[in-house]
Amino acid sequence: MAISVAAAASSSVAVIAPRVPAVSTRCSAVPYLPPPRSFGRSSFTVPLKLASGNGGLHKVELMKTRASSDETSIDTNELITDLKEKWDGLENKSTVLLYGGGAIVAVWLSSIVVGAINSVPLLPKVMELVGLGYTGWFVYRYLLFKSSRKELAEDIDSLKKKIAGSE
């Protein structure tokens, strides 16, 4: 009797256990990406177009990219000395530190709020629609017509003057 129970249990385990396929299957929702290549000179390809000419088909480059010889490089020593001079020229260093710390806390809190909003069903999509509507209104109000673009430029200039303190 004990042997038949053990045999029945082992046979039921064999029936219940799923069969694992020998070949791995790909999910059709994820596109196939080729294996990454090294970022050497040979990894960048130029789009080519076949063009017919006198001698048959010729490959024609659609886009040529050249490195500019007048690239600007950032001198880190100059940047650091400039920042030190500006820091030494400040009178209220504690105020700057307070504003900087407040900005960091504000970014942290806003990321928490955005994460909470993102977890509520349908609310992210509603927020996207609100953003899309506001973007459409902004384009219509400020960017579509020449006179409104001038008005926007004047508003930006006046805001720059207020921030800089020259107004």
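**A salt bridge and an aromatic cluster across two helices**

E151 is partly exposed, its relative accessible area being 29%. The model in which this residue is seen is a predicted one. E151 forms a salt bridge with R141, and the closest N and O atoms of the two side chains are 3.0 Å apart. E151 belongs to helix α5 (residues 146-164) and R141 to helix α4, so the pair ties together parts that lie 10 residues apart in sequence. R141, like its partner, has a computed accessibility: it is partly exposed, with a relative accessible area of 30%. A search of the whole structure finds one salt bridge.

R141 also leads to the aromatic residues of the model. Its side chain lies over the face of Y142, at 4.7 Å from the ring centre. Y142 itself counts as buried, because its relative accessibility is 16% and the limit for a buried residue is under 20%. R141 thus appears in two contacts: the salt bridge with E151 and the placement over the ring of Y142.

From Y142 the path continues to W137. These two residues form an edge-to-face aromatic pair, with 6.1 Å from centre to centre and 90° between the planes. The pair counts as edge-to-face because planes over 60 degrees apart are classed in that way. W137 is partly exposed, at 42% relative accessibility, whereas Y142 is buried at 16%.

W137 takes part in a further pair, with Y134. Here the arrangement is tilted: the ring centres are 5.5 Å apart and the angle between the planes is 35°. Both residues lie in helix α4 (residues 123-143), where they are three residues apart and therefore separated by about one helical turn. Y134 is exposed, with a relative accessible area of 52%.

Which residues do the ring pairs link into a cluster? They are Y134, W137, F138 and Y142. The structure as a whole holds four aromatic pairs, among them the tilted pair of Y134 and W137 and the edge-to-face pair of W137 and Y142.

A separate part of the chain carries an annotation. According to an unreviewed UniProt entry, residues 96-117 are covered by the feature "transmembrane region". In the predicted model the chain over residues 96-117 is 100% helix and 0% strand. The C-alpha atoms at the two ends of this stretch are 31 Å apart.

Key:
Residues are numbered from 1 along each chain as its sequence is written. This is a predicted model: local features need pLDDT of at least 70, side-chain atom pairs count only at pLDDT 80 or more; totals for chains, interfaces and linings use all residues. Side-chain values use heavy atoms; hydrogens and water are left out. Rings of Phe, Tyr and Trp (its six-membered ring) pair if their centres lie within 6.5 Å; planes under 30 degrees apart count as stacked, over 60 as edge-to-face and the rest as tilted. Helices (H or I, at least four residues) and strands (E, at least two) are DSSP runs, numbered from the N terminus. Buried means under 20% relative accessible area, exposed over 50%, partly exposed in between (1.4 Å probe, protein chains only). A charge sits over a ring if NZ of Lys or CZ of Arg is within 6 Å of the ring centre and within 35 degrees of the ring normal. A salt bridge is a side-chain nitrogen of Lys or Arg within 4 Å of a carboxyl oxygen of Asp or Glu. UniProt positions are given in the numbering used here, feature names are shortened, and annotations may be inferred rather than shown by experiment.
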